[in-house]
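Subject: Structure handover

Dear colleague,

I am passing on the structure below. My notes on what was found in it follow.

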Amino acid sequence: MVFDMVSLSAENRYKLLTATVVPRPIAWVTTCSADGIVNAAAFSFFNAMGNDPPILAIGLLHNPEGGAKDTARNIIATQEFVVNLVPESLASAMNITSAAVAADVNELELANLKEIASLKVAPPRIEGSPVAFECRTFQAIDTGPKQMIVLGEVLAVHIDSQYVLDAERCHIDTSALELIARMHGRGWYARTLDQFEMKRR
Ligand SMILES: Cc1cc2nc3c(=O)[nH]c(=O)nc-3n(C[C@H](O)[C@H](O)[C@H](O)COP(=O)(O)O)c2cc1C
């Protein structure tokens, strides 16, 4: 069956994309408003896009009720954000911070999460997240009237020492991070522990 993406409604395009482009890693993004209010929310239109410079990409859609999300507004205002990765142990907290709440609410406090000061940017990272990327906006691209992509240059990455196998060689115990990914629908997730190896040719 072919679905004509040009004539489909935006809602149905969303369903087809998110039901098939899986699993998607989750960027748990912390930002600060121009007034310094800390914000956190999850984004699964997310991936790493290059290493020289190191670039992460995040797809931000407008709120269903209209208007840019707080994360998007804050990134445009301050040009800084932190991408925290999500272990299964913090899945529920991540979900709480991603609820639609007023811009003046600190979502980390809402989820009983602690902030850790970043080194190079103002937004803090989230305690308990095993990996956090401190980013400065490389480019923000409007890809439609209700969506944008933010490319972030990674200035520093924090990786909990217990997962660093060999710091000199930058070897990380990826499986031990127990990161989760987003699947189809609003509530389905995947673990990253079902793996197989294939030797490179
Ligand atoms: C696992 C997960 C993935 C999400 N992925 C996206 C996404 O890729 N893009 C997006 O615009 N919203 C996404 N959302 C919804 C936002 O997190 C949600 O709209 C949030 O309230 C935005 O918060 P903010 O207004 O504080 O930025 C996702 C939510 C969850 C729970």
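A place to begin is P23, which sits in the loop between α1 (10-20) and β1. The model is a predicted one, and all that follows should be read with that in mind.

Backbone

The bond between V22 and P23 is a cis peptide bond, with omega about -10°. A second cis peptide bond runs from D52 to P53, where omega is near 5°. P53 belongs to the loop between β4 and β5. In general, most residues other than glycine have a negative phi, and most peptide bonds are trans.

Two residues have a positive phi without being glycine. For Q79 the angle is near 65°, and for N112 it is about 55°. Q79 is in the loop between α2 (70-78) and β6 (80-84), while N112 is in the loop between α4 (107-110) and β7 (115-116). How open to solvent is each one? Q79 counts as partly exposed, because its relative accessibility is 36%. N112 counts as exposed, because its relative accessible area is 71%.

Strands

Strand β10 (residues 147-159) pairs with β5 (residues 54-61) in the antiparallel sense, over seven bridges. In this pairing, I58 is opposite V150 of β10. Strand β9 (residues 131-144) also runs antiparallel to β10, and twelve bridges join the two. Here C135 is opposite V154 of β10. The connection from β9 to β10 is a hairpin of two residues.

There is also an open sheet of three strands, in the order β1-β13-β14, with antiparallel pairing. Its edge strands are β1 (24-25) and β14 (189-191), each of which pairs on one side only. β1 and β13 are joined by two bridges, and R24 has R182 in β13 as its bridge partner.

Pocket

The second largest pocket has a volume of about 290 Å³. Its lining is made up of 17 residues, and those nearest its centre are P25, F46, L85, F133 and L179. The elements that give two or more residues to this lining are β4 (46-51), β9 and β13 (180-182). Which of the elements gives the most? That is β4, with three residues. By class, the lining holds 13 nonpolar residues, three polar ones and one charged one.

Two of these strands have come up already: β9 is joined to β10 by twelve bridges, and β13 is part of the open sheet.

Cysteines

How many disulfides are found in the whole structure? The search finds zero. C32 is in no disulfide, and the nearest cysteine sulfur, that of C135, is 14 Å away. Why is there no bond from C135? The closest cysteine sulfur to that of C135 is in C32, and it is too far away for a bond, because the distance is 14 Å and a disulfide needs the two sulfur atoms within 2.5 Å.

Are these two cysteines buried or exposed? C32 is buried, with a relative accessible area of 10%. C135 is buried as well, because its relative accessibility is 0% and the cut-off for buried is under 20%.

Please look at the loops with P23 and P53 when you open the file.

Regards

Conventions:
Residues are numbered from 1 along each chain as its sequence is written. This is a predicted model: local features need pLDDT of at least 70, side-chain atom pairs count only at pLDDT 80 or more; totals for chains, interfaces and linings use all residues. Side-chain values use heavy atoms; hydrogens and water are left out. Two strands pair if DSSP finds at least two bridges between them. Helices (H or I, at least four residues) and strands (E, at least two) are DSSP runs, numbered from the N terminus. On a 1 Å grid over the protein atoms alone, a cavity is a set of points where a 1.4 Å probe fits but cannot get out, and a pocket is an open set with protein on both sides within 12 Å along at least five of seven lines; lining residues have an atom within 4 Å of a point. Grid points are joined across faces, edges and corners, and a volume is the space filled by probe spheres set on the points. Ala, Val, Leu, Ile, Met, Phe, Trp, Tyr, Cys and Pro count as nonpolar, Asp, Glu, Lys and Arg as charged, and the others, Gly among them, as polar. Buried means under 20% relative accessible area, exposed over 50%, partly exposed in between (1.4 Å probe, protein chains only).
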